[in-house]
Every structure is written in C-alpha cells, then in structure tokens.
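Trainee: I have just opened a new structure, and I would like to understand the words people use for it. Could you walk me through them?

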Amino acid sequence: MSWILSIIGPSDMAALAFFVCAWLMFEAVVDYSPLRFRSLSGLMAERRREWMLTLADRDLRMIDTGIVAGLQQGSAYFGSASILAIGGCFALFGSTDAVLQIYRDIPFIEPVPRGAYELKVFGLTTICVYGFFKFGWAYRLFNYCSILIGGVSHTQDAPPEERRAAALRAAEMNIVASRHFTAGMRAIFFSLAYIGWFVGPWVLIGSTVFVVLVLARRQFFSRARSILIA
C-alpha cells in the first residue's frame, strides 16, 4: 500500500478505492444478493430454463442451435474487441512521453507523474484482460451448452423426466455462460468509468457513479425488465 501512495496521492488512492468498492458492491447485489432474482439477468435466467424445457418437447432444434451460435458470436466479438483494447493499452505505454506532454499543455489538468500515468494504464490493461477472459470463457461455455443440447433425447427415445433433466442441465450451462458474458460486459462499462481517472480523481468518482446508475437502471428499472414481468 505504501508504494502505491508513493506513486499516487491520497485523493487518487481514495478515488481508486471508491471505484473498486463500487464495482464489487454492484456485482454482489446483482449476482449474489436476494435481489438477483428480481434483476433483468435473474429474470432472463428463468426464461432460459423455460427455453430449454420447451426444447425438450420438440425434435427439430435448428432454431435452438442457431440461437446458441448467435450467443457464441457475441462472445467472440467482444473477446476480439477486448484484445484490441489490450493492444491499445500497450500503445499507451509506448506513448508515455507524448501523453505527459499533453497533460502539461492542458491548463485545467494538473501534470501527472510518469509513475502515476503508467499505473493508471496498467489498471486499464488489467480490466481489459479480465474482460477478455470472461468473454473467452463464456464462448467456451456456450459451446458446451450446444453439446448438452445435442445430448437431449428425442421425444420418442426417452421418457419426459429424462429429457427434462437433460434440458435443465443445458439451461444451467447456458445461465453460467451468460453470467460470464455479463461480467465481461460489466468490465467494459467500468473500464469507461476508469478512463475518468486519467482526468482526475473526482472525475473517476463521478464517472463511476454514472456507470453504476446506468447499470442499476438497466437491471431493475428498464423497459426490458418491465417486458419480462408484464
């Protein structure tokens, strides 16, 4: 802790702690508290189970495999975007002198020491790497889900209880994959809030509050959620 304080000031340290705590608290409320059953993600998890139970009662499943393929493509797209973002972060490391000169030329922004700037870029890189791992794992889990769908017996080959149990296994795999995908998307949103730190600690706090409010609205007060509970 002391070596971090030697690089950044107390205000930056407080803003960074606020950013991390806001992220962790939001994730705890949405993913682990009793409110998770009332969130948009929680309501969609129930719809995923309904989807798989419907799948168990029909033999033609091209539509279902097409949906899973679309989910995989979304994970692959954002995983590729995360790779590009990581490359951009390494480019920021290589442009340190030019960026520090920009800081000195902007009158309303205090000059940033080299160590503090590089620490901020390292943090941004870490968030992008975290997002990439989440999207990569989600892609793999959606692939497992498609395999489990293929293992659901046809209506004439197995009793309803066996088909429903196999379908629910596929549903739970799909839900786990969606949670990792959502975590990756959340990392992208919070990385946008983190960029505010390059301007100043108060901007980081403000951008973090803004992102948390946007994500909370989407999970608990959005039109999409209203459609699910209508």
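Mentor: Let us go from the whole chain to single residues, and please ask about each term as we meet it. Keep in mind that this is a predicted model.

Trainee: What makes up the fold of the protein chain, helices or strands?

Mentor: The protein chain has 9 helices and 0 strands. Reading from the N terminus, the order of elements is α-α-α-α-α-α-α-α-α.

Trainee: How do you know what radius of gyration to set the protein chain against?

Mentor: We use a compact globule of 230 residues, for which a value near 17 Å would be expected, whereas the protein chain has 22 Å. Along the principal axes, its C-alpha atoms fill a box of roughly 75 × 35 × 30 Å.

Trainee: What share of the protein chain counts as buried, and how much of the accessible surface belongs to carbon and sulfur atoms?

Mentor: Of the 230 residues, 40% count as buried. The accessible surface is about 12800 Å², and 69% of that belongs to carbon and sulfur atoms. As for contacts between residues at least 6 apart in sequence, 77% join residues at least 24 apart.

Trainee: Where do the charges sit on average?

Mentor: There are 21 positive and 16 negative charges, and their mean positions are 4 Å apart.

Trainee: Let us turn to single helices. How do you know that the span of α4 agrees with what it should be?

Mentor: Helix α4 covers residues 62-94, which is 33 residues, so at 1.5 Å a residue it should span 48 Å. The end C-alpha atoms of α4 are 48 Å apart, and therefore the two values agree.

Trainee: Which residues of α4 are buried, and what covers them?

Mentor: The buried residues of α4 are D64, V68, Q72, S75, G79, S82, I86 and C89. Their cover includes α3 (40-55), α6 (114-150) and α7 (160-194).

Trainee: S80 is in α4 too, so why is S80 called partly exposed?

Mentor: Buried means under 20% and exposed means over 50%. S80 has a relative accessible area of 44%, so it falls in between and is partly exposed. In space, the C-alpha atoms of S80 and F135 are 9.0 Å apart, although 55 residues separate the two in sequence.

Trainee: How does α2 do in the helix test?

Mentor: Helix α2 (residues 10-31) has 22 residues and should span 32 Å at 1.5 Å a residue; its end C-alpha atoms are 31 Å apart, so this agrees. Its buried residues are D12, M13, A15, F19, A22, W23, F26, E27 and V30.

Trainee: And what are the values for α3?

Mentor: With 16 residues, α3 reaches 22 Å from its first C-alpha to its last, close to the expected 22 Å. Among its buried residues are L40, G42, R48 and W51. The buried residues of α3 pack against α4, α6, α7, α8 and α9 (223-229).

Trainee: What lies in the loop between α2 and α3?

Mentor: S39 lies there. S39 has 0% relative accessibility, which is why it counts as buried. Beyond residues up to four places away in sequence, S39 touches V30, Q219 and F220. The C-alpha atoms of S39 and A216 are 8.9 Å apart, with their positions 177 residues apart along the chain.

Trainee: Why is S178 called buried?

Mentor: S178 is at 11% relative accessibility, and the cut-off is under 20%, so S178 counts as buried. S178 lies in helix α7 and touches R48 and F142, leaving aside residues up to four places away in sequence.

Trainee: What makes G115 partly exposed?

Mentor: G115, in helix α6, has a relative accessible area of 34%, so it sits between the 20% and 50% limits. The C-alpha atoms of G115 and I8 are separated by 8.0 Å, with the two residues 107 apart along the chain.

Trainee: How do you know which class V209 belongs to?

Mentor: The value for V209 is 36%, so by the limits of 20% and 50% it is partly exposed. V209 is in helix α8 (residues 201-220). C-alpha to C-alpha, V209 and W23 are 10.0 Å apart, while in sequence they are 186 residues apart.

Key: Residues are numbered from 1 along each chain as its sequence is written. This is a predicted model: local features need pLDDT of at least 70, side-chain atom pairs count only at pLDDT 80 or more; totals for chains, interfaces and linings use all residues. Side-chain values use heavy atoms; hydrogens and water are left out. Helices (H or I, at least four residues) and strands (E, at least two) are DSSP runs, numbered from the N terminus. The radius of gyration is taken over C-alpha atoms; the globule rule is 2.2 Å times the number of residues to the power 0.38. Buried means under 20% relative accessible area, exposed over 50%, partly exposed in between (1.4 Å probe, protein chains only). Contact means heavy atoms within 4.5 Å. Accessible areas come from the Shrake-Rupley method with a 1.4 Å probe; for residues, only the protein chains shown count as cover. Lys and Arg count as positive and Asp and Glu as negative; His and the chain ends are not counted. The place of a charge is taken as NZ of Lys, CZ of Arg, CG of Asp or CD of Glu. The expected span of a helix is 1.5 Å times one less than its number of residues.
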